[in-house]
Amino acid sequence: MLRVITNSQSIKHNVTHIAVRPISVRFTSSDTHSRKIQALPFKLPEEKVGQIVNIASYVNQHAFLGIFKIIKSIFSQKMPDVKESVSSMQVRKAYVPFWYYDMAISADIAPSSTDEKVSEETLLKTMGKPRQMLGIGFDCFWPGHTWDPMCYLSFGQSVANRLETLVPFTPELYQDSDVEVLPFTVNPFKDLSDRAPEALENVQVNSLVHRNGVYTMSNAQVLFNAAYPIYWPVYVAQFTEDGHKEGDPPKTVVIGAHSTDPPIYQWEPTKSGIDQWINNGPWVKLDVTEPEWQMGFGSHPPLKQLLHRYLTQVVGKFQTNPVDWDDERIQSYTGYQTQNKDYLKQLFKVWAEQSMLSRIETMDDNERTIGVGGKENDGPRLQLKKVSEIREEIESKVGKELETLEQVEPVWFKEYKKKSPSSSS
(Lines give C-alpha, C1' and ligand atoms only; values in the text may rest on other atoms or scores of the structure.)
Protein backbone atom coordinates (compact mmCIF):
# COMPACT_ATOMS: atom_id res chain seq x y z
CA MET A 1 0.00 0.00 0.00
CA LEU A 2 1.18 3.49 -0.82
CA ARG A 3 1.21 6.14 1.86
CA VAL A 4 -0.29 9.15 0.08
CA ILE A 5 -1.21 12.37 1.86
CA THR A 6 -4.04 14.27 0.22
CA ASN A 7 -3.84 18.01 -0.19
CA SER A 8 -5.89 20.30 -2.36
CA GLN A 9 -3.96 23.52 -1.81
CA SER A 10 -2.56 24.96 -5.01
CA ILE A 11 1.08 25.99 -5.25
CA LYS A 12 1.53 29.57 -6.35
CA HIS A 13 5.26 30.14 -5.92
CA ASN A 14 7.79 29.32 -8.58
CA VAL A 15 9.69 26.09 -8.01
CA THR A 16 13.40 26.81 -8.08
CA HIS A 17 14.91 24.59 -5.42
CA ILE A 18 14.74 20.92 -6.22
CA ALA A 19 14.54 20.26 -9.91
CA VAL A 20 16.98 22.81 -11.23
CA ARG A 21 19.66 22.65 -8.57
CA PRO A 22 21.99 19.80 -9.55
CA ILE A 23 23.33 17.17 -7.20
CA SER A 24 26.76 17.16 -8.74
CA VAL A 25 29.04 15.82 -6.02
CA ARG A 26 29.55 12.07 -6.04
CA PHE A 27 30.60 10.47 -2.78
CA THR A 28 34.06 9.00 -2.52
CA SER A 29 34.57 6.84 0.54
CA SER A 30 37.78 6.43 2.44
CA ASP A 31 38.93 3.67 4.76
CA THR A 32 38.94 6.06 7.74
CA HIS A 33 35.19 6.59 7.91
CA SER A 34 33.39 4.43 5.37
CA ARG A 35 32.92 1.76 8.07
CA LYS A 36 30.87 4.26 10.09
CA ILE A 37 28.43 5.20 7.33
CA GLN A 38 25.46 2.92 6.66
CA ALA A 39 22.66 3.02 4.14
CA LEU A 40 19.42 1.47 3.01
CA PRO A 41 19.66 -0.12 -0.45
CA PHE A 42 17.34 0.89 -3.28
CA LYS A 43 14.38 -1.52 -3.34
CA LEU A 44 11.85 0.45 -5.36
CA PRO A 45 12.38 -0.09 -9.12
CA GLU A 46 12.67 3.15 -11.06
CA GLU A 47 10.01 2.03 -13.52
CA LYS A 48 7.46 2.16 -10.67
CA VAL A 49 8.09 5.86 -9.99
CA GLY A 50 5.86 7.10 -12.81
CA GLN A 51 2.96 4.99 -11.60
CA ILE A 52 3.42 6.18 -8.01
CA VAL A 53 3.53 9.83 -9.07
CA ASN A 54 0.33 9.33 -11.08
CA ILE A 55 -1.38 7.84 -8.04
CA ALA A 56 -0.26 10.73 -5.81
CA SER A 57 -1.45 13.24 -8.41
CA TYR A 58 -4.79 11.48 -8.80
CA VAL A 59 -5.41 11.43 -5.04
CA ASN A 60 -4.56 15.13 -4.78
CA GLN A 61 -6.97 16.00 -7.59
CA HIS A 62 -9.73 13.50 -6.67
CA ALA A 63 -9.33 12.98 -2.94
CA PHE A 64 -12.68 11.17 -2.40
CA LEU A 65 -12.38 8.75 -5.33
CA GLY A 66 -8.65 8.36 -4.72
CA ILE A 67 -9.19 6.98 -1.23
CA PHE A 68 -11.41 4.21 -2.63
CA LYS A 69 -8.75 3.26 -5.14
CA ILE A 70 -6.13 3.08 -2.39
CA ILE A 71 -8.42 0.89 -0.24
CA LYS A 72 -9.06 -1.41 -3.20
CA SER A 73 -5.32 -1.74 -3.77
CA ILE A 74 -4.84 -2.87 -0.15
CA PHE A 75 -7.09 -5.89 -0.67
CA SER A 76 -5.81 -6.71 -4.13
CA GLN A 77 -2.16 -6.09 -3.12
CA LYS A 78 -1.66 -4.35 -6.45
CA MET A 79 -0.89 -0.79 -7.46
CA PRO A 80 -4.12 1.23 -7.90
CA ASP A 81 -5.08 1.58 -11.56
CA VAL A 82 -5.47 5.29 -12.33
CA LYS A 83 -5.51 7.30 -15.52
CA GLU A 84 -2.19 8.94 -16.34
CA SER A 85 -2.56 12.52 -15.19
CA VAL A 86 0.97 13.97 -15.22
CA SER A 87 3.33 15.14 -17.92
CA SER A 88 6.86 16.53 -18.28
CA MET A 89 8.07 14.37 -15.41
CA GLN A 90 11.74 14.50 -14.45
CA VAL A 91 13.15 12.01 -11.93
CA ARG A 92 16.37 12.21 -9.93
CA LYS A 93 17.76 9.16 -8.15
CA ALA A 94 19.86 10.04 -5.11
CA TYR A 95 21.30 9.06 -1.76
CA VAL A 96 20.54 11.76 0.83
CA PRO A 97 22.74 11.98 3.97
CA PHE A 98 21.39 12.46 7.47
CA TRP A 99 22.20 11.74 11.10
CA TYR A 100 20.40 9.91 13.84
CA TYR A 101 21.70 10.93 17.25
CA ASP A 102 21.25 9.89 20.89
CA MET A 103 21.80 12.54 23.54
CA ALA A 104 21.51 13.27 27.27
CA ILE A 105 21.42 16.85 28.58
CA SER A 106 21.14 18.04 32.19
CA ALA A 107 19.94 21.46 33.33
CA ASP A 108 19.06 23.31 36.50
CA ILE A 109 15.38 24.24 36.79
CA ALA A 110 14.22 27.03 39.09
CA PRO A 111 10.48 27.33 39.90
CA SER A 112 8.98 30.81 40.17
CA SER A 113 5.66 32.60 39.75
CA THR A 114 4.58 35.53 37.61
CA ASP A 115 2.19 36.48 40.41
CA GLU A 116 4.14 38.40 43.06
CA LYS A 117 1.42 37.66 45.64
CA VAL A 118 2.22 33.93 45.66
CA SER A 119 4.15 33.01 48.80
CA GLU A 120 7.39 31.07 48.78
CA GLU A 121 5.70 28.39 50.86
CA THR A 122 2.94 27.88 48.27
CA LEU A 123 5.46 27.81 45.47
CA LEU A 124 7.58 25.24 47.28
CA LYS A 125 4.55 23.08 48.00
CA THR A 126 3.23 23.02 44.42
CA MET A 127 6.37 23.16 42.29
CA GLY A 128 9.13 21.97 44.58
CA LYS A 129 12.52 23.46 45.20
CA PRO A 130 15.20 24.30 42.55
CA ARG A 131 16.73 21.07 41.24
CA GLN A 132 18.40 19.39 38.29
CA MET A 133 16.61 17.72 35.41
CA LEU A 134 17.79 15.26 32.76
CA GLY A 135 16.51 15.07 29.21
CA ILE A 136 17.30 12.25 26.79
CA GLY A 137 16.63 11.84 23.09
CA PHE A 138 16.70 8.60 21.07
CA ASP A 139 17.12 8.41 17.28
CA CYS A 140 16.63 12.14 16.85
CA PHE A 141 17.00 13.38 13.27
CA TRP A 142 19.37 15.97 11.86
CA PRO A 143 20.15 16.55 8.16
CA GLY A 144 23.60 15.75 6.82
CA HIS A 145 23.42 18.52 4.22
CA THR A 146 22.10 22.06 3.68
CA TRP A 147 20.34 21.48 0.34
CA ASP A 148 17.24 23.66 0.68
CA PRO A 149 14.38 22.64 0.96
CA MET A 150 15.42 18.98 1.28
CA CYS A 151 17.23 19.79 4.55
CA TYR A 152 13.80 20.40 6.12
CA LEU A 153 12.58 16.90 5.23
CA SER A 154 13.00 14.44 8.10
CA PHE A 155 13.52 10.72 7.63
CA GLY A 156 13.06 10.19 11.36
CA GLN A 157 12.07 6.70 12.40
CA SER A 158 8.38 5.95 11.92
CA VAL A 159 6.15 3.24 10.47
CA ALA A 160 7.15 4.44 7.00
CA ASN A 161 10.87 4.68 7.76
CA ARG A 162 12.49 1.62 9.28
CA LEU A 163 16.13 0.64 9.49
CA GLU A 164 15.70 -3.11 9.24
CA THR A 165 18.03 -3.52 6.25
CA LEU A 166 20.88 -1.13 7.03
CA VAL A 167 24.11 -2.12 5.29
CA PRO A 168 27.57 -0.55 5.05
CA PHE A 169 27.68 2.26 2.50
CA THR A 170 30.00 0.68 -0.04
CA PRO A 171 30.63 1.68 -3.68
CA GLU A 172 28.51 -1.27 -4.85
CA LEU A 173 25.42 0.65 -3.76
CA TYR A 174 25.94 3.52 -6.19
CA GLN A 175 28.56 2.62 -8.76
CA ASP A 176 27.53 1.49 -12.24
CA SER A 177 24.24 3.35 -11.87
CA ASP A 178 22.86 6.86 -12.19
CA VAL A 179 22.55 7.37 -8.42
CA GLU A 180 23.75 10.77 -7.27
CA VAL A 181 25.20 11.01 -3.76
CA LEU A 182 25.18 14.13 -1.60
CA PRO A 183 28.22 14.42 0.66
CA PHE A 184 27.97 14.94 4.43
CA THR A 185 28.47 18.67 5.00
CA VAL A 186 26.71 19.15 8.35
CA ASN A 187 28.25 18.25 11.70
CA PRO A 188 25.51 17.58 14.32
CA PHE A 189 27.90 18.22 17.20
CA LYS A 190 28.54 21.75 15.91
CA ASP A 191 24.85 22.43 15.30
CA LEU A 192 23.43 20.83 18.43
CA SER A 193 25.87 19.75 21.15
CA ASP A 194 28.02 22.89 21.04
CA ARG A 195 25.00 25.18 20.96
CA ALA A 196 22.78 23.45 23.54
CA PRO A 197 24.08 25.14 26.74
CA GLU A 198 23.66 28.65 25.36
CA ALA A 199 20.36 27.85 23.62
CA LEU A 200 18.79 26.51 26.82
CA GLU A 201 20.03 29.28 29.11
CA ASN A 202 17.08 31.11 30.72
CA VAL A 203 14.51 29.19 28.66
CA GLN A 204 11.16 29.27 30.44
CA VAL A 205 8.18 26.90 30.29
CA ASN A 206 4.84 27.25 32.03
CA SER A 207 3.84 24.91 34.85
CA LEU A 208 0.70 22.75 34.85
CA VAL A 209 0.48 22.38 38.64
CA HIS A 210 0.61 26.09 39.46
CA ARG A 211 -1.52 28.60 37.55
CA ASN A 212 1.16 31.28 37.30
CA GLY A 213 4.11 28.96 37.73
CA VAL A 214 7.18 29.12 35.50
CA TYR A 215 10.26 26.90 35.30
CA THR A 216 13.50 28.61 34.22
CA MET A 217 16.32 26.47 32.84
CA SER A 218 20.03 27.23 33.25
CA ASN A 219 23.51 25.68 33.34
CA ALA A 220 22.70 23.03 30.71
CA GLN A 221 25.39 20.42 30.08
CA VAL A 222 25.62 17.74 27.41
CA LEU A 223 26.37 14.53 29.32
CA PHE A 224 26.29 12.12 26.39
CA ASN A 225 25.95 12.26 22.63
CA ALA A 226 26.51 9.87 19.76
CA ALA A 227 25.70 10.38 16.09
CA TYR A 228 25.10 7.80 13.37
CA PRO A 229 25.64 8.76 9.69
CA ILE A 230 23.10 7.19 7.31
CA TYR A 231 22.30 7.46 3.61
CA TRP A 232 18.65 7.28 2.56
CA PRO A 233 17.68 6.31 -1.02
CA VAL A 234 15.12 8.55 -2.70
CA TYR A 235 13.58 9.49 -6.02
CA VAL A 236 12.99 13.22 -6.48
CA ALA A 237 10.28 13.76 -9.10
CA GLN A 238 9.12 17.02 -10.63
CA PHE A 239 6.05 16.97 -12.86
CA THR A 240 3.14 18.94 -14.28
CA GLU A 241 -0.41 17.83 -13.60
CA ASP A 242 -2.97 17.68 -16.39
CA GLY A 243 -5.33 20.61 -16.29
CA HIS A 244 -2.80 22.97 -14.74
CA LYS A 245 -3.14 26.62 -15.60
CA GLU A 246 -0.54 28.37 -17.69
CA GLY A 247 2.14 29.79 -15.46
CA ASP A 248 1.49 27.35 -12.62
CA PRO A 249 4.73 25.85 -11.29
CA PRO A 250 5.33 22.10 -11.46
CA LYS A 251 4.81 19.82 -8.47
CA THR A 252 7.69 18.21 -6.59
CA VAL A 253 7.59 15.00 -4.56
CA VAL A 254 10.21 12.87 -2.83
CA ILE A 255 9.63 9.11 -2.81
CA GLY A 256 11.39 6.84 -0.33
CA ALA A 257 13.15 4.18 -2.39
CA HIS A 258 14.02 1.87 0.51
CA SER A 259 10.75 -0.04 0.18
CA THR A 260 8.26 -1.25 -2.42
CA ASP A 261 5.66 0.29 -0.10
CA PRO A 262 7.17 3.78 -0.13
CA PRO A 263 6.25 6.95 1.74
CA ILE A 264 5.68 10.03 -0.43
CA TYR A 265 6.60 13.55 0.66
CA GLN A 266 5.13 16.49 -1.24
CA TRP A 267 6.76 19.89 -1.23
CA GLU A 268 4.57 22.93 -0.51
CA PRO A 269 6.64 26.03 -1.39
CA THR A 270 3.94 28.32 0.03
CA LYS A 271 5.00 27.21 3.52
CA SER A 272 8.27 27.39 5.43
CA GLY A 273 10.48 25.28 7.67
CA ILE A 274 9.36 21.74 8.38
CA ASP A 275 5.78 22.63 7.39
CA GLN A 276 6.72 22.84 3.71
CA TRP A 277 6.85 19.03 3.52
CA ILE A 278 3.55 17.12 3.65
CA ASN A 279 4.02 13.80 5.48
CA ASN A 280 7.24 15.05 7.12
CA GLY A 281 8.85 12.64 9.58
CA PRO A 282 9.60 13.18 13.30
CA TRP A 283 12.63 15.27 14.30
CA VAL A 284 13.13 14.57 17.97
CA LYS A 285 12.03 12.02 20.56
CA LEU A 286 12.56 13.64 23.94
CA ASP A 287 11.87 12.52 27.49
CA VAL A 288 12.62 14.32 30.76
CA THR A 289 12.85 13.26 34.41
CA GLU A 290 10.16 15.70 35.54
CA PRO A 291 6.83 13.77 35.72
CA GLU A 292 4.76 16.93 35.38
CA TRP A 293 6.53 17.84 32.14
CA GLN A 294 5.54 14.51 30.60
CA MET A 295 1.83 14.68 31.41
CA GLY A 296 -0.48 14.61 28.42
CA PHE A 297 -3.31 16.66 29.90
CA GLY A 298 -3.46 20.40 29.45
CA SER A 299 -3.13 22.36 26.25
CA HIS A 300 0.56 23.12 26.64
CA PRO A 301 2.46 20.73 28.91
CA PRO A 302 6.06 21.86 29.53
CA LEU A 303 7.61 19.11 27.38
CA LYS A 304 5.39 20.10 24.47
CA GLN A 305 6.44 23.73 24.94
CA LEU A 306 10.10 22.67 24.85
CA LEU A 307 9.61 20.58 21.70
CA HIS A 308 7.81 23.43 19.95
CA ARG A 309 10.71 25.75 20.73
CA TYR A 310 13.13 23.19 19.31
CA LEU A 311 11.17 22.76 16.06
CA THR A 312 10.71 26.49 15.50
CA GLN A 313 13.98 27.94 16.78
CA VAL A 314 16.60 25.18 16.43
CA VAL A 315 15.59 23.25 13.33
CA GLY A 316 16.77 25.27 10.35
CA LYS A 317 19.99 26.48 11.97
CA PHE A 318 22.01 24.17 9.75
CA GLN A 319 25.70 25.02 9.34
CA THR A 320 28.12 23.80 6.72
CA ASN A 321 31.02 22.34 8.68
CA PRO A 322 33.61 19.66 7.99
CA VAL A 323 32.88 16.33 9.67
CA ASP A 324 35.63 14.96 11.90
CA TRP A 325 35.24 11.30 11.03
CA ASP A 326 37.83 10.33 13.64
CA ASP A 327 35.53 11.59 16.41
CA GLU A 328 34.67 8.56 18.58
CA ARG A 329 31.11 9.87 18.97
CA ILE A 330 30.47 9.26 15.27
CA GLN A 331 29.55 5.60 15.03
CA SER A 332 27.84 2.99 12.88
CA TYR A 333 24.19 2.67 13.85
CA THR A 334 23.98 -1.12 14.01
CA GLY A 335 27.30 -1.40 15.83
CA TYR A 336 26.67 0.98 18.71
CA GLN A 337 23.10 2.22 19.05
CA THR A 338 21.87 -0.64 21.27
CA GLN A 339 24.56 -0.29 23.93
CA ASN A 340 24.26 3.50 23.84
CA LYS A 341 20.50 3.38 24.39
CA ASP A 342 20.82 0.82 27.18
CA TYR A 343 23.18 3.19 28.97
CA LEU A 344 20.91 6.21 28.48
CA LYS A 345 17.87 4.30 29.73
CA GLN A 346 19.70 3.41 32.94
CA LEU A 347 21.07 6.93 33.28
CA PHE A 348 17.53 8.26 32.94
CA LYS A 349 16.26 5.82 35.55
CA VAL A 350 18.89 6.92 38.10
CA TRP A 351 18.23 10.61 37.48
CA ALA A 352 14.44 10.14 37.61
CA GLU A 353 14.68 8.51 41.02
CA GLN A 354 17.03 11.19 42.35
CA SER A 355 14.72 13.88 41.01
CA MET A 356 11.77 12.22 42.71
CA LEU A 357 13.56 12.25 46.08
CA SER A 358 14.19 15.96 45.63
CA ARG A 359 10.54 16.65 44.71
CA ILE A 360 9.05 14.81 47.70
CA GLU A 361 11.49 16.24 50.23
CA THR A 362 8.98 18.86 51.40
CA MET A 363 5.88 16.62 51.23
CA ASP A 364 4.07 14.71 53.99
CA ASP A 365 4.63 10.93 54.10
CA ASN A 366 0.93 10.10 53.67
CA GLU A 367 0.45 12.48 50.77
CA ARG A 368 -0.08 10.81 47.40
CA THR A 369 1.83 11.97 44.34
CA ILE A 370 2.90 10.80 40.90
CA GLY A 371 6.17 8.90 40.95
CA VAL A 372 8.15 6.49 38.82
CA GLY A 373 7.75 2.77 39.22
CA GLY A 374 7.43 -0.50 37.37
CA LYS A 375 8.52 -4.11 37.39
CA GLU A 376 12.14 -5.19 37.55
CA ASN A 377 13.99 -4.51 34.27
CA ASP A 378 11.15 -2.30 33.03
CA GLY A 379 11.67 1.33 32.19
CA PRO A 380 10.29 3.96 34.60
CA ARG A 381 6.49 4.43 34.49
CA LEU A 382 4.30 7.06 36.14
CA GLN A 383 2.31 5.75 39.11
CA LEU A 384 0.24 7.31 41.93
CA LYS A 385 1.75 6.36 45.31
CA LYS A 386 2.22 7.55 48.88
CA VAL A 387 5.29 9.71 49.43
CA SER A 388 6.58 7.29 52.08
CA GLU A 389 6.34 4.35 49.65
CA ILE A 390 8.19 6.21 46.93
CA ARG A 391 10.97 7.29 49.28
CA GLU A 392 11.43 3.79 50.69
CA GLU A 393 11.52 2.13 47.26
CA ILE A 394 14.07 4.54 45.83
CA GLU A 395 16.40 4.52 48.85
CA SER A 396 16.38 0.71 48.98
CA LYS A 397 17.69 0.28 45.44
CA VAL A 398 19.76 3.38 44.71
CA GLY A 399 23.05 1.53 45.22
CA LYS A 400 22.08 -1.27 42.86
CA GLU A 401 20.92 1.19 40.19
CA LEU A 402 24.24 3.06 40.29
CA GLU A 403 26.12 -0.23 40.03
CA THR A 404 24.05 -1.21 37.00
CA LEU A 405 24.75 2.18 35.43
CA GLU A 406 28.48 1.59 35.72
CA GLN A 407 28.12 -1.89 34.24
CA VAL A 408 26.21 -0.80 31.13
CA GLU A 409 28.35 2.25 30.40
CA PRO A 410 29.83 1.71 26.91
CA VAL A 411 33.57 1.06 26.80
CA TRP A 412 34.06 3.65 24.07
CA PHE A 413 32.40 6.29 26.27
CA LYS A 414 34.61 5.52 29.24
CA GLU A 415 37.69 5.98 27.04
CA TYR A 416 36.25 9.14 25.50
CA LYS A 417 35.70 10.72 28.93
CA LYS A 418 39.31 10.05 29.88
CA LYS A 419 40.43 12.12 26.89
CA SER A 420 37.67 14.73 27.35
CA PRO A 421 37.45 15.67 31.02
CA SER A 422 34.56 18.03 30.36
CA SER A 423 32.36 15.06 29.42
CA SER A 424 30.96 13.38 32.49
CA SER A 425 27.78 11.77 33.70
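A nonpolar core is a set of buried Ala, Val, Leu, Ile, Met, Phe, Trp, Tyr and Cys residues joined through side-chain atoms within 4.5 Å. The model on the screen is a predicted one, and this tour begins with its cores.

**First stop: the cores**

Select Tyr100, Trp142, Phe155, Met217 and Trp293. These are the residues with the most contacts inside the largest nonpolar core, which has 86 residues. Strand 7 gives the most to this core, with 13 residues. Apart from this core lies another, of eleven residues, including Leu44, Val49, Val53 and Tyr235. In general, nonpolar side chains tend to be buried together in soluble globular proteins.

Next, centre the view on Met217 and display its surroundings. Leaving aside residues up to four places away in sequence, Met217 touches Ala107, Asp108, Ile109, Met133, Leu200, Glu201, Asn202, Val203, Trp293 and Leu306.

**Second stop: strand 7 and its partners**

Select residues 213-241, which form strand 7. How many of its 29 residues are buried? The count is 26, and the strand is thus described as mostly covered.

Now add the strands that pair with strand 7, one at a time.

- Strand 1, residues 38-39, runs parallel to strand 7 and is joined to it by two bridges. To find one of the paired positions, select Gln38 together with Ile230, its bridge partner in strand 7.
- Strand 6, residues 204-206, runs antiparallel to strand 7, with three bridges between them. Here Gln204 stands opposite Thr216 of strand 7. Follow the chain from strand 6 to strand 7 and a hairpin appears, connecting the two through six residues.
- Strand 8 is also antiparallel to strand 7, and six bridges join the two. Select Val234 and look across to Gly256, its bridge partner in strand 8.

**Third stop: two loop residues**

From strand 8, continue along the chain to Ser259, in the loop between strand 8 (251-256) and strand 9 (264-267). Is Ser259 buried or exposed? Its relative accessible area is 19%, and buried means under 20%, so Ser259 is buried. Display its side chain, which reaches the backbone nitrogen of Asp261 at 2.9 Å. Beyond residues up to four places away in sequence, Ser259 touches Lys43 and Leu44.

Then select Gly144, in the loop between strand 3 (131-143) and strand 4 (167-168). Gly144 has 0% relative accessibility and counts as buried. Which residues does Gly144 touch, if those up to four places away in sequence are not counted? They are Pro97, Phe98, Trp99, Pro183, Phe184, Thr185 and Val186. For a distance to check in the viewer, take the C-alpha atoms of Gly144 and Val96: these residues are 48 apart in sequence and 7.8 Å apart in space.

**Fourth stop: salt bridges**

Side chains of opposite charge can pair when their charged atoms come close. In the whole structure, nine salt bridges are found. Begin with Arg329 and Asp327, whose side chains meet in a salt bridge at 2.7 Å, N to O. Both Arg329 and Asp327 are buried.

Move next to Glu401 and Lys349, which form a salt bridge at 3.3 Å, N to O. Because Glu401 lies in helix 9 (residues 387-408) and Lys349 in helix 8 (residues 333-359), the pair ties together parts that are 52 residues apart in sequence. Glu401 and Lys349 are both buried.

A further salt bridge joins Lys417 to Glu409, with the closest N and O atoms 2.6 Å apart. Glu409 is buried, with a relative accessible area of 11%. Finally, select Asp102, Asp139 and Lys341 together to view a network of salt bridges.

**Last stop: aromatic rings**

A pair of aromatic rings is described by the distance of the centres and the angle of the planes. The structure holds 31 aromatic pairs. Select Phe42 and Tyr95: their ring centres are 5.1 Å apart and their planes stand at 75°, so the pair is edge-to-face. Phe42 lies in the loop between strand 1 and helix 1 (49-61), and Tyr95 in strand 2 (residues 86-113); the pair links distant parts of the chain, 53 residues apart. Tyr95 is buried, with a relative accessible area of 0%.

To close the tour, select Phe98, Tyr100, Phe141, Trp142, Tyr152, Phe155, Tyr228, Trp232, Tyr265, Trp283, Phe318 and Tyr333, which ring pairs link into a cluster.

Terms used
Residues are numbered from 1 along each chain as its sequence is written. This is a predicted model: local features need pLDDT of at least 70, side-chain atom pairs count only at pLDDT 80 or more; totals for chains, interfaces and linings use all residues. Side-chain values use heavy atoms; hydrogens and water are left out. Helices (H or I, at least four residues) and strands (E, at least two) are DSSP runs, numbered from the N terminus. Buried means under 20% relative accessible area, exposed over 50%, partly exposed in between (1.4 Å probe, protein chains only). A polar contact is a pair of N or O atoms within 3.5 Å; within protein, one must be able to donate a hydrogen and the other to accept it, and residues adjacent in sequence count only if both atoms are side-chain atoms. Contact means heavy atoms within 4.5 Å. Two strands pair if DSSP finds at least two bridges between them. A salt bridge is a side-chain nitrogen of Lys or Arg within 4 Å of a carboxyl oxygen of Asp or Glu. Rings of Phe, Tyr and Trp (its six-membered ring) pair if their centres lie within 6.5 Å; planes under 30 degrees apart count as stacked, over 60 as edge-to-face and the rest as tilted.
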